[in-house]
Amino acid sequence: MSTHIGQRLPKLDAADKASGRATYGHDVRLPGMLHGAILYSAHAHARILRVDTARAERLPGVKAVLTAADNPPTHFGYGKDQTPFKTVARSLRDEIAAVAAVDLDTARHALSLIEVEYAPLPPVFSVAAALAPAAPLIHPAHGSNLFQTYHYEHGDPARGEAESDLILESTYRLPYVNHACMETSVVVAHYQQGGRLTLWSTTQIPFLLQRDLAEALGIPGSHIRVIQTAIGGAFGRGLDIYPFEPIAALLSMRAGKPVRVAFSRREEFLAGPARQPAEVSLRAGARLDGRLTFREVSAALDIGPYVSWGSVTPLVMMETTASLYKVPHVRFRADCIYTNNLVTGAMRGYGNPQSTFFVETMMDQLAEALGLDPVEFRLINANEPNSATPQGLVITSCGMKECLQAVAATADRGADRPGEQTTVEPIHGRLDPAAGAHKRGIGFAATLNVGGGARIYRSDGCGATVKVDDFGHVTLITGSTEIGQGSETVLAQIVAETLGVHPQDVSVINADTDLKPWDVGVHASRTTFIAGNAARLAALEARRQIFETAAEMLGVAPDCLIASEGHIRAADAPDLPPRLSAPTSALPLARVVRQRHFRQGGQIVVGEGWYDPPTQMVDKDTYKGNISAAYGFGAQMAEVEVDTETGQVRVLRLACANDVGRAINPMAVEGQIEGGAQMGLGYALSEELIVANGQALNPDFHHYRLFTAADMPPIETIIVETDDPGGPFGAKGVGEMGGTPTAAAIANAIYDAIGIRLTELPMTPERVLAAILHRDLESA
C-alpha cells in the first residue's frame, strides 16, 4: 500500500517562494556586476550601413560596447539563422548594439548616443505577402520565405470523402499570444580568467543551452556552466536560445566582469518570443451513424524572421488532427513562413491549443448536423486503451471516455435542458425569451497530449542519482528542471515511497549543470514520467544496496525486506506506526547506512538511474512514429453567459477532467490543471498581441488583457486515474492539458447560447457583438 503516492503535499519550495527567500534571476547580484542594455532596430527590414559607438564608449561608467563587428563567426538557433548582432535587420527586435555599464541608467543613456545608419528594405507583414511571387526575401540565402512545409497523410482522404454522408468545412484565425510570465527574461553572465563562462539563467533546457551557447560563442561546451535560478514563469519561453543570452556573455568577455541583462516588460513583448499566429482551413466528414470518415487541414503559420523550436509546433497540430479520435483518413499540411513580424517560439501546449480549437469546434458542428449529442458523438469516436493510431501512436492507458463522461455529468442538463437525451437539439439559449439579453449555454471539448515524453531530440532521457548519508537523509540529484510546476515535490515523493522515508527527508538538487546529470529539458509534459522513472530507478538501486547490508544484519534474504517509516524490516514483521519507536526486528535506515560505510571495505549508498523511454523520432518523410511512451487525455465542460447587447462572455463555471495515469500529488495535479485553464481562458476570450507593421501595439499588461484572479470562474477538477504501465507508480504527464481544450469548450458553449459559430480567437466582446449584429442584419 502506498504511503506517499497520492498524498496532497505542499510544494517543497512553497515556503521560500511565499516568504521571499527564493532567489529568482532578477535577484542575482555578483560583486562588480555590470548592467547590460540592447539597442534594437528602428526598422522591421533594413540593411545596417553604419554603427557609430564613439560617443557611447566615451560616456563615464560604460565598460563595453559591442556591435555586429564583434560577432563570433557562427550562426545559432534551430534554423541556424541567428547571430548576436545583425548586419541586416529583419524585425524590430533585431539587436544592433549592446552596452555594459556600471548601472542601468548609464547603459540606457549610452544606447541613445549610438548612431545607426539604415538602408530600409521592403518589409513583408503577412504570410500572403511573404509567399507572393515577387516578395522580398527575409533570408535570401534560403531562396524562399517558405521555411518548411509539413505534409502528413494516412488512409485515403478521397475515399474518406466518398464514404461521408456529411462534409463540413470552416476556416480559423488564431492570434499572437505572449507568455506573460510574471518574471521577465533575465540572464547574468560571468566570463572568468581561464575561459570559464557561468550563466545564471531562467532557461528550461540547461544542457541544451550549454550546447547552443558553445555554438553561438565559439567556445567549448565544457567551459560553460549553467545555473538555473528560481523561475517566475516559463511556459515554453525558455526552450530556445535567444540573442540576449550570448550578448550578455560577449559583454562579460569584453568587460572582464559579470554582466546582467534583464528585460523591461515592454522589452519582453518586443524581444521575447510569442505564440505563432495561424490561418487554418479544415474539412471533415462523418457517416450518419456518427463515425468520422476523414479530416483535411491546411495551415499557414507566421514564424517571424527567425526559426525557433516553435516552428516544430505543426508536429503537435498534426498529432491532434490525425490521432485525436479514430479517424481513418487524414491529410495535414502546414507551411511555416518567414515574415518581418514578431519573433515567435514555443509556448505551453506547443500547437495543441490551436489544433484542439479547430478540431473540437468542428466536432460540435458535425454532431449538430448529424442530430447527435456532442458528448455521445465524441464517445462513438473516442480513443481507447491498448490501441494504436494510424499515425503510429501506441496508446497504453486511456481514460478519454471516462473524462468525457465525467464532465458531461457536471453539465446542467436537467429536465428543462434537452441535453439529457442521447440525441438532442442544441440548447440555444437565444430561443428562451425569459433569458432576456443574457443567454446561457454549455459546451464540451476533449484533448490528447503526450504524457510520457516526446522524442524531438535524439535523446529524451534523464539521469538521476540518489544518495543516502550516514544520518539517513536522502538527496536526489536529478537532471530535471524545476520551473514552478512542482517537479521537485513529486520526485521527492517517488524517492520517499521507494526508500520508505518521508518526502520531507528528501532534498532535491537540480539547478547546476556542473552537479546534476544530463536531461533534455522541461517540455512536453515529460518530467513526472521521464525524470520520475529515472529517480525511481536510482532509488531502487540505492534500496538494493541498503537491503543487501540489512539482510546481513537481520540474517534474512534481501528479497524478504521492506522499507517503511525510515526503517528496514522483514516483510513479516509488524507494521510500524508513523514516527514511533521500532521493534528490534526493524533497523533504522541510518544505522544500516553506517554499518555499510564504517567497516573494512565499506561503501556508501549511492544509486544511479537513467531513463530514456522506448520511443522513436517521427519519420522525417511520413511524420509517423510513436513519439511518446504514454498519452494523456482530457475533457472540459464550459458554461457561459453571453450578454447579447454588449457581446461580453462570462464563463460561469468550468469542469476539467484529466487522465493522469496516477496522481502522485493530487494537489499539484489540480494546480497544473487550474493554471492551464487560466491560460486557456485568456486564449479563448481576451489575450491577443496586436501587431501592425511588425510592431506590437499593446506591449503592456494594461492593454494586453490577461485573465486575472477576479476573472476566474469556479473550476471543478476531476482526476481520472488509469494506472499507466510505463509511468512511475502509474503516473503520466499533465502539465499542458489543462489549457488545450478550453477555447474550444467555450466556443461551443457560446454557440449553444446564441447560435453563432466563432472561429477567430480571442472571442472578445467586440467580435461577439459584431457576429450578433451581422447575424441579425442577415436575418432582418
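Reader: What is the area buried between domain 1 and domain 3, and how much of it do carbon and sulfur atoms give?
Author: In this predicted model, the area buried between domain 1 and domain 3 is about 1300 Å², and carbon and sulfur atoms give 53% of it.

Reader: Which three residues supply the most on the domain 1 side?
Author: Those are Gln204, Phe207 and Gln228, which together supply 47% of the area that domain 1 buries against domain 3, more than any other three residues.

Reader: How are the domains laid out along the chain?
Author: Domain 1 is made of 18–121, 182–234 and 238–271, while domain 2 takes in 278–454 and 620–779, and domain 3 covers 461–611. Between the centres of domain 1 and domain 3, taken over C-alpha atoms, the separation is 41 Å.

Reader: And how many residues are in contact between domain 1 and domain 3?
Author: On the domain 1 side there are 16 residues, and they are in contact with 17 residues of domain 3. Between these two domains the count also comes to three salt bridges and seven residue pairs in polar contact.

Reader: Which elements give two or more residues to that side of domain 1?
Author: They are helix 6 (206–217) and strand 12 (224–228), with strand 12 giving the most, at five residues. Sorted by class, the side of domain 1 that touches domain 3 has 10 nonpolar, four polar and two charged residues.

Reader: Which side chains does Arg225 meet in salt bridges?
Author: The side chain of Arg225 meets that of Asp512 at 2.4 Å, N to O, and that of Asp514 at 3.5 Å, again N to O. The pair with Asp514 links distant parts of the chain, since Arg225 is in strand 12 and Asp514 is in the loop between strand 23 (506–509) and helix 14 (527–554), 289 residues apart.

Reader: Why does Asp514 count as partly exposed, and what about Arg225?
Author: Asp514 has 40% relative accessibility, so it falls in the partly exposed class, and Arg225 counts as partly exposed too, at 26% relative accessibility.

Reader: Switching topic, how many salt bridges does the structure hold?
Author: The structure holds 48 salt bridges. One of them joins the side chains of Lys86 and Glu95 at 2.5 Å, N to O, where Lys86 counts as buried at 3% relative accessibility and Glu95 counts as buried at 3% as well. Another joins Asp519 and Arg526 at 3.0 Å, N to O, and both of these residues are buried.

Reader: Which residues are linked in a network of salt bridges?
Author: Arg50, Asp52, Arg55, Glu115 and Glu117 are linked in such a network.

Reader: Now Asn383: where is it, and is it buried or exposed?
Author: Asn383 is in the loop between helix 11 (374–381) and strand 18 (387–388), and with a relative accessible area of 4% it is buried.

Reader: What lies by the polar atoms of the Asn383 side chain?
Author: A polar atom of that side chain lies 3.0 Å from the backbone oxygen of Ser323, and the backbone nitrogen of Tyr325 lies 2.9 Å from a polar atom of the Asn383 side chain. Leaving out residues up to four places away in sequence, Asn383 touches several others, among them Leu324, Cys398 and Phe633.

Reader: Last one, what does Leu30 touch?
Author: Not counting residues up to four places away in sequence, Leu30 touches Val188, His190, Trp200 and Pro258. Leu30 is in the loop between helix 1 (14–19) and strand 1 (34–40), and it counts as partly exposed at 21% relative accessibility.

Conventions. Residues numbered from 1 in each chain as written. Predicted model: local features only at pLDDT ≥ 70, side-chain atom pairs only at ≥ 80, totals over all residues. Heavy atoms only, no water. Domains from an automatic or database assignment. Contact = heavy atoms within 4.5 Å. Buried area = accessible area lost by both parts, 1.4 Å probe. Salt bridge = Lys/Arg side-chain N within 4 Å of Asp/Glu carboxyl O. Polar contact = N/O pair within 3.5 Å; in protein donor to acceptor, adjacent residues only side chain to side chain. Helix = DSSP H or I, 4+ residues; strand = E, 2+ residues; numbered from the N terminus. Nonpolar A, V, L, I, M, F, W, Y, C, P; charged D, E, K, R; others polar. Buried < 20%, exposed > 50% of the residue type's maximum accessible area, 1.4 Å probe, protein only.
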